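Here's a quick briefing to read alongside the structure. It covers how one strand sits among its partners, then turns to the cysteines.

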Amino acid sequence: MAHGATVPATDLDGARFRQVMGRFATGVVAITAVDPGTGRPTGLAANSFTSVSLDPPLVGFCVAHTSTTWPGLRGAARLCVNILGGHQLEVCERLAAKGGDKFDGIEWTGTPDGAPLIDGALAWLECSVEQEHVAGDHVIVVARVHALDEHHDGAPLLFYRGAYGRIA
């Protein structure tokens, strides 16, 4: 073993896995739609978002099986992935909460096809669900991008070691 190397942990319980993966900083997005069942805006916060393909333009994100919001989002014709800015922690916390009117106090306009575009988001992507893949306690969602744009300048909202922050 190299000088200064540590013995890798082989204890892969959930807490240890979360602790190690927490060393990878991620951006935070709000995935929003108008729930076809209620006609009201809804959304969830996610930090597992990535570009998947340029041709065709695809993105991916993960949603826990326990999400009570995902069924309403899944049924919408269009979703909006809002890339949150460092100033939008309250938006993130509201959308991450269970129950209630998640959009109470959140200002938004519509994307070209009407998905909720949160005021102050750094950028947005209007998407439709292309595929879902069950993976452990989450579903991996692959979504096709139909429209996108930059929205505001600013530093991103980041998630690192179990806490939210922003680039200084």
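**Strand 2 and its partners**

Strand 2 and strand 3 (residues 41-46) run antiparallel, with 6 bridges joining them. Keep in mind that this is a predicted model. Strand 2 also pairs with strand 6, and the cysteines get their own look further down.

*The hairpin with strand 3*
- Strand 2 and strand 3 make a hairpin, and 6 residues lie between them.
- In that turn, G39 has a positive phi of about 75°.
- Want a spot to look at on the pairing? T32 stands opposite G43 in strand 3.

*The pairing with strand 6*
- Strand 6 (residues 79-83) is joined to strand 2 by 4 bridges, and these two run antiparallel.
- Here A30 stands opposite N82 in strand 6.

*How enclosed strand 2 is*
- Strand 2 covers residues 29-34, and 5 of its 6 residues are buried, so the rest of the structure largely encloses it.

*The cysteines*
- How many disulfides does the count come to? It comes to 0 disulfides.
- A disulfide needs two cysteine sulfur atoms within 2.5 Å.
- For C62, the closest cysteine sulfur is in C127, 14 Å away, so that is too far for a bond.
- The sulfur of C127 has its closest cysteine sulfur in C80, at 7.6 Å, which is also too far for a bond.
- Is C127 buried or exposed? C127 counts as buried, at 0% relative accessibility.
- C62, on the other hand, is partly exposed, with a relative accessible area of 27%.

How values were computed:
Residues are numbered from 1 along each chain as its sequence is written. This is a predicted model: local features need pLDDT of at least 70, side-chain atom pairs count only at pLDDT 80 or more; totals for chains, interfaces and linings use all residues. Side-chain values use heavy atoms; hydrogens and water are left out. Buried means under 20% relative accessible area, exposed over 50%, partly exposed in between (1.4 Å probe, protein chains only). Two strands pair if DSSP finds at least two bridges between them.
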